[in-house]
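This report describes selected residues of one protein structure for a reader who is new to the subject. Please examine the sequence and the model before reading on.

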Amino acid sequence: MDAPLNEKLLKYSLLSRLLVFTLQVVFNILIPDHNADVFNPPYDQSKDNPLDTCVHYILGGFMRWDGVYFLHVAEHGYIYENSLAFFPLFSWCVRILANSLCLPMQFVMQYRTVLIVSGFIFNFYIFLKTTNVLYRLSKSILKSESLAYKAALLFCFNPASIFMSAFYSEILFAYLTFYSMLKFEERKRNHYMMLSSLSCLSRSNGLLTAGFELHKRCQNIVIHLLYSKKDFISKISLILTEILKVMIYLILILLPFLIYQFYISDLFCNQSGKWKIPEFLIQYGRHRSYNLVNETNFDWCKNRIPFAYSHVQNTHWNVGFLRYYEFRQIPNFILALPVSVLSVSSVIYYYRHNRMRCLTLGLIPEKDIKESEKNGFMNKRMLPYIAYLLFITVFGWFFIHIQVLTRMVFSSSPVVYWYAAIVISTDHHAKHIKTSYKKHSKYFKICDISDLCIFDVRNSYTQSKMIVLYFLGYFVIGIFMFSNFLPWT
């Protein structure tokens, strides 16, 4: 390849985000928005000037569904109980950007508009960084520059792409999660711990990244028990040290999450937030029967440990075991079927190549590992990533709104990109890429057709076709549905 891979990935990242932006504008202009009758508080449109109107015109398609909540939290903070399900880090980052680098915009636009622009810029930049981080992580685990590159390229056009440009926390969470995994592989534990802690402030499933450190410490305990030649007292001492270390790591990773819960408890239960809430938001909340801070006695505040998150998820979002199993939700289960199949296929593929490792949970050291077994899905270091993917997939089936599983998996697990990259890297497909490159490369100046031909399904195997069509189909359909407030959440 002529250009360095990092530069090429930057080019494709830019291309994919510009494509998302363009399609969002086109779909939002051509098709009227669906009246979804969801959370969408009003604002003072009488103060809008032509610049405000222009921003809403070209970025309005990104302000849908949960994006409205994040924008509301960034602008007004937590004033409705149902908004507590949306963790603060993304909104804080957008607010900081709006009040610093984007501060001059506040002289010519409403603050709400500046926040929208800041959110778009922030997610655009973080997406570029995430692509690079995923490439580095993939190269570290797969031991293949080619597969790592293809995995990162697939990430640029993944099925959850719209959520990674919209006013959502998905791309920030993906960045923090993938980066924490990279630092774990590089054995930089302090960086890993810090990034994992921040991911807990972005989404609740950031807590799962603590599992990597937990698995590593369990490995050390098994080694001390089975292979250490030290006396019994020394073994016990070493084991207790490992347990103490993992407890400290877990507490430090969970600390920001716990501080946020304490802050919410103080804000809503002790009513410490006495800021002036705009009257139109108070009236909107009363009209929608929302519980407002400073106006309601909240049931969860009466608990011994006032924990808002689980209460809000159960009460406002109907999240719980099998609660989503209703006939009217069958379309959403169908929507999540491809990501379920892809996730399960990834897990099965790994199990078939690493059966004994899976049965022992990867806790027993393996001797005389062949060089070929250190690469790709034969790499023993991939087991925690497989367990992570399996957990969020099964948890998604039984506990959450099933349609959320797509963005949850693609913003959390690098394994789906690795598996997809392996599937489309068959010899038959590679041969077609080479032929197609010679035939068409002269017509492409911006990008190398040899790279984009991984999305050419004409001569590829059925499994490759299904994966490519899934990625590209959801990429486009997702933008179309989301930007017009159609059910794509």
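## Two cysteines compared

Cys-93 has a relative accessible area of 21% and is therefore partly exposed; exposure classes are buried (under 20% relative accessible area), exposed (over 50%) and partly exposed (in between), computed with a 1.4 Å probe on protein chains only. Cys-156, with a relative accessible area of 0%, is buried.

## Basis of the model

The model is predicted: local features need pLDDT of at least 70, side-chain atom pairs count only at pLDDT 80 or more, and totals for chains, interfaces and linings use all residues. Residues are numbered from 1 along each chain as its sequence is written, and side-chain values use heavy atoms, with hydrogens and water left out.

## The disulfide

The structure contains one disulfide, a term for a pair of cysteine sulfur atoms within 2.5 Å. Cys-269 and Cys-301 form this bond, with an S to S distance of 1.9 Å. Cys-269 is located in the loop between α10 (232–268) and α11 (279–287), and Cys-301 in the loop between α11 and α12 (308–316), so the disulfide ties together parts that are 32 residues apart in sequence. Helices are DSSP runs of H or I with at least four residues, numbered from the N terminus.

The disulfide is left-handed because the torsion about its S-S bond is about -85 degrees. Cys-269 is partly exposed at 25% relative accessibility, and Cys-301 is partly exposed at 22%.

## Asp-66 and its contacts

Asp-66 belongs to helix α3, which spans residues 66–76. Its relative accessible area is 15%, so Asp-66 is buried.

Which residues does Asp-66 touch, not counting residues up to four places away in sequence? They are Phe-86, Tyr-168 and Arg-407, where contact means heavy atoms within 4.5 Å.

Methods:
Helices (H or I, at least four residues) and strands (E, at least two) are DSSP runs, numbered from the N terminus.
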